[in-house]
Amino acid sequence: MYWLIVLAMFLWVYLLSIMQKAKWMAMYSVIGVVGLFFIIIYFSNYSMTSFLMKSAAFGAGVFGSLTGFYHISLEYSMIQIHSGFNTINLFITYECSAVIELGAFIALTSFYPFFQDTKERIHWIAIGLPYIYISNVLRLIITATIVHYFGINSLVWAHVIIGRIIFYVLTIILYYIVFTRVQILNVRVGKFKFNSGES
């Protein structure tokens, strides 16, 4: 199995070099993003995912300790929510660790064709990763707070609907600033440049 992964990575690099030499930059970006995303997910082993789950629990726990709405267990990556006389356990799993969203953002930023240089890519990765982490923590805080007030029956819609909507709206805002805005600023209409406003 391991040699198949190594072979796939060599093939990926080889395809990237061909696309670059042929100056097929759109295909270069697509192959680069897809390949790097799968590499990140593959190498995000249990230790990395566990670290992200515990980090999310820790971040959410700050609000819980201030309000008393819930407590966390870092050992089990768990949020223990108090609702009336009941206690509800919310486990932070692989999906809630945001490893997929973080991997997708790194892959997109690494091969987005409108960035000028590596420095700009690193700049946006340094901003985007903490932003996605905080957005994920905010999702957990809101989910736990809703469950605290409305009980176990609210868990599904608070977690699956409200929490996800908040997280994805925040992610769309980030993607607009990092990708769409940068693309618009680099567009030229004749001699006019959106970036500088000069014509």
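1. K23 sits in the loop that runs between α1 (2-21) and α2 (25-43). The model is a predicted one, and K23 is a good place to begin reading it. Although K23 is not a glycine, its phi is positive, at about 60°. K23 counts as exposed because its relative accessible area is 67%, and the cut-off for exposed is over 50%.

2. A second residue with a positive phi is S77, again a residue other than glycine, with a value near 50°. Where does S77 lie? Its place is the loop between β1 (70-73) and β2 (78-83). Is S77 buried or exposed? With a relative accessible area of 4%, S77 is buried, since buried means under 20%.

3. The next point is the surface. A nonpolar patch of about 1,200 Å² is formed there, and its members are Y149, F150, V156, W157, V160, I161, I165, V169, I173, Y176, I177 and I184. Two helices, α5 (118-150) and α6 (155-185), each supply at least two residues of this patch.

4. Which helix gives the most to the nonpolar patch? That is α6, with 10 residues. A reader tracing the patch on the structure can therefore start from α6, the helix with the most patch residues.

5. I161 serves as an example from the patch. This residue belongs to the nonpolar patch and has its place in helix α6. Its relative accessibility is 44%, so I161 counts as partly exposed. That class covers values between the buried limit of 20% and the exposed limit of 50%.

6. The last points concern the interior. Rolling a probe the size of a water molecule over the atoms shows where empty space is left. How many cavities of 30 Å³ or more are counted? The count comes to 1 cavity. The largest cavity has a volume of about 40 Å³.

7. Which residues line the largest cavity? The lining is made by L52, S97, A98, L102, I132, Y133 and N136. Helix α5 gives the most to this lining, with 3 residues. Helix α5 thus appears twice in this note, as it also supplies at least two residues of the nonpolar surface patch.

8. By residue type, the lining of the largest cavity divides into 5 nonpolar and 2 polar residues, with no charged ones. S97 and N136 are among the residues of that lining, and so are L52 and I132.

Note on methods. Residues are numbered from 1 along each chain as its sequence is written. This is a predicted model: local features need pLDDT of at least 70, side-chain atom pairs count only at pLDDT 80 or more; totals for chains, interfaces and linings use all residues. Side-chain values use heavy atoms; hydrogens and water are left out. Patches are made of residues with over 30% relative accessible area and no salt bridge: like charges are joined within 9 Å, nonpolar side chains (Val, Leu, Ile, Met, Phe, Trp, Tyr) within 5 Å. Accessible areas come from the Shrake-Rupley method with a 1.4 Å probe; for residues, only the protein chains shown count as cover. A salt bridge is a side-chain nitrogen of Lys or Arg within 4 Å of a carboxyl oxygen of Asp or Glu. Helices (H or I, at least four residues) and strands (E, at least two) are DSSP runs, numbered from the N terminus. Buried means under 20% relative accessible area, exposed over 50%, partly exposed in between (1.4 Å probe, protein chains only). On a 1 Å grid over the protein atoms alone, a cavity is a set of points where a 1.4 Å probe fits but cannot get out, and a pocket is an open set with protein on both sides within 12 Å along at least five of seven lines; lining residues have an atom within 4 Å of a point. Grid points are joined across faces, edges and corners, and a volume is the space filled by probe spheres set on the points. Ala, Val, Leu, Ile, Met, Phe, Trp, Tyr, Cys and Pro count as nonpolar, Asp, Glu, Lys and Arg as charged, and the others, Gly among them, as polar.
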